[in-house]
Amino acid sequence: MPITGTWVDDYLAAEASLTGREVYDRLEPVTPLSDLRSIFRQGARNRLADGSQQSYADHNRLLLEGLDRLLAGDLAWYRTRLETPGAVSDARLQACFDAVAAASFDRPAKLALWTAAALHDCGMLVASDSGVDVEDGVALAADIVAAICPVDVRALTLFAVRHHDYIKDVFTGEVPASFVAEDLEQLPAGDRKSTRLNSSHITI
């Protein structure tokens with residue numbers, strides 16, 4: 001099964017629907033993402049409902065499901081993903097849904113973000129004893145991004161792959177905000193709104 005096909009063109013032409021989870025389910029069997037099924041995340045927080053340890057493939061599927069639920073404004077689902085029940089109020093969750101709805105992401109932007117989410121941890125495929133180099137992940141992602149995403153959102157897609165951990169590290173003080181801001185300024189102005197949404201206390 002090829003990476004691309006009419007499913008991408010049909011979605012971008014508004015002739016078919018598509019979800020983030022469907023994007024991942026199409027990519028995983030025909031790309032190196034399938035190898036993430038045998039690479040497991042560590043710790044009690046990274047377990048499935050049945051108690052088994054979550055693989056990076058499981059993590060990706062759940063992340064894409066979470067993005068779909070975010071776009072749908074599914075409050076009930078997000079309540080189930082809180083690490084501590086009630087840790088985030090319904091009002092705060094609703095504010096996230098409202099912000100996403102107000103952003104009015106078009107189809108190319110949604111495809112870019114779904115693709116970035118599917119590929120965000122692909123650097124794990126070439127991890128070494130010294131850790132994961134995010135640029136390895138970007139290099140692995142580049143061909144898939146080129147095959148799926150329209151030219152004008154490829155920079156946004158790779159920005160998300162490159163910086164998905166750095167955003168967290170800015171808040172912990174491990175990465176200077178200017179490092180991310182400089183790359184953000186290189187994106188087209190219309191793409192920058194796609195980078196401004198985040199949530200906390202939600203387990204994906």
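In this predicted model, the face of helix H5 that is turned away from the buried side of the helix carries the exposed residues Ala-91, Ala-101 and Ala-102. On the buried side, the residues concerned are Leu-93, Phe-97, Val-100 and Ala-103, and, seen down the axis of H5, these buried residues fall within an arc of 125°, so they line one face of the helix. This arrangement can be read against a general property of such helices: an α-helix has 3.6 residues a turn, so residues three or four places apart point the same way. The partners of the buried face can also be named, since the buried residues of H5 pack against helix H3, formed by residues 56-72, and against helix H4, formed by residues 75-80.

The length of H5 was examined as well. The helix comprises 14 residues, 90-103, which at 1.5 Å a residue should span 20 Å, and because the C-alpha atoms at its two ends are indeed 20 Å apart, the expected and the computed values agree. Just after H5 comes Ser-104, which takes a positive phi of about 50°, a positive value in a residue other than glycine. Ser-104 is found in the loop between H5 and H6, and because its relative accessibility is 52%, where exposed means over 50%, this residue counts as exposed.

A further positive phi, of about 60°, is seen at Ala-14, although this residue is not a glycine. Ala-14 lies in the loop between H1 and helix H2, the latter made up of residues 20-27, and with a relative accessible area of 52% Ala-14 is exposed.

With regard to the protein as a whole, the model contains ten helices and zero strands, so that, from the N terminus on, its elements run α-α-α-α-α-α-α-α-α-α. Of the 204 residues in the protein, 37% are buried. The accessible surface comes to about 10900 Å², and 52% of this surface belongs to carbon and sulfur atoms. When contacts with a separation of 6 or more are considered, residues 24 or more positions apart account for 64% of them.

Aromatic side chains were considered next, and the structure holds three aromatic pairs. In the pair of Tyr-11 and Trp-114, the ring centres are 5.7 Å apart and the planes stand at 45°, so this pair is tilted. Because Tyr-11 lies in helix H1 (residues 6-12) whereas Trp-114 lies in helix H6 (residues 107-119), the pair ties together parts that are 103 residues apart in sequence. Both Tyr-11 and Trp-114 are buried. In the pair of Trp-77 and Tyr-78, by contrast, the centres of the rings lie 5.0 Å apart and the planes stand at 75°, so the pair is edge-to-face; an angle over 60 degrees is what places a pair in that class. Trp-77 and Tyr-78 are likewise both buried. Ring pairs also link these two residues with Phe-97, so that Trp-77, Tyr-78 and Phe-97 form a cluster, and Phe-97 is one of the buried residues of H5 described above.

Another side-chain arrangement involves Arg-41, which lies over the face of Tyr-56, at 5.5 Å from the centre of the ring. Arg-41 is also among the contacts of Asn-46, a list that, once neighbours within four places in sequence are left aside, consists of Arg-41, Ser-52, Gln-53 and Gln-54. Asn-46 lies in the loop between H2 and H3, and with a relative accessible area of 15%, under the limit of 20%, Asn-46 is buried. The C-alpha atoms of Asn-46 and Tyr-56, residues that stand ten places apart along the chain, are separated by 9.6 Å.

A second asparagine, Asn-60, has its place in helix H3, the helix that, together with H4, receives the buried residues of H5. Because its relative accessibility is 0%, Asn-60 counts as buried. Apart from its neighbours within four places in sequence, Asn-60 is in contact with Tyr-24, Leu-33 and Leu-36, and also with Ala-117, Ala-118 and His-120.

How values were computed. Residues are numbered from 1 along each chain as its sequence is written. This is a predicted model: local features need pLDDT of at least 70, side-chain atom pairs count only at pLDDT 80 or more; totals for chains, interfaces and linings use all residues. Side-chain values use heavy atoms; hydrogens and water are left out. Helices (H or I, at least four residues) and strands (E, at least two) are DSSP runs, numbered from the N terminus. Buried means under 20% relative accessible area, exposed over 50%, partly exposed in between (1.4 Å probe, protein chains only). Contact means heavy atoms within 4.5 Å. Accessible areas come from the Shrake-Rupley method with a 1.4 Å probe; for residues, only the protein chains shown count as cover. Rings of Phe, Tyr and Trp (its six-membered ring) pair if their centres lie within 6.5 Å; planes under 30 degrees apart count as stacked, over 60 as edge-to-face and the rest as tilted. A charge sits over a ring if NZ of Lys or CZ of Arg is within 6 Å of the ring centre and within 35 degrees of the ring normal. The expected span of a helix is 1.5 Å times one less than its number of residues. The arc is that of the directions from the helix axis to the C-beta atoms.
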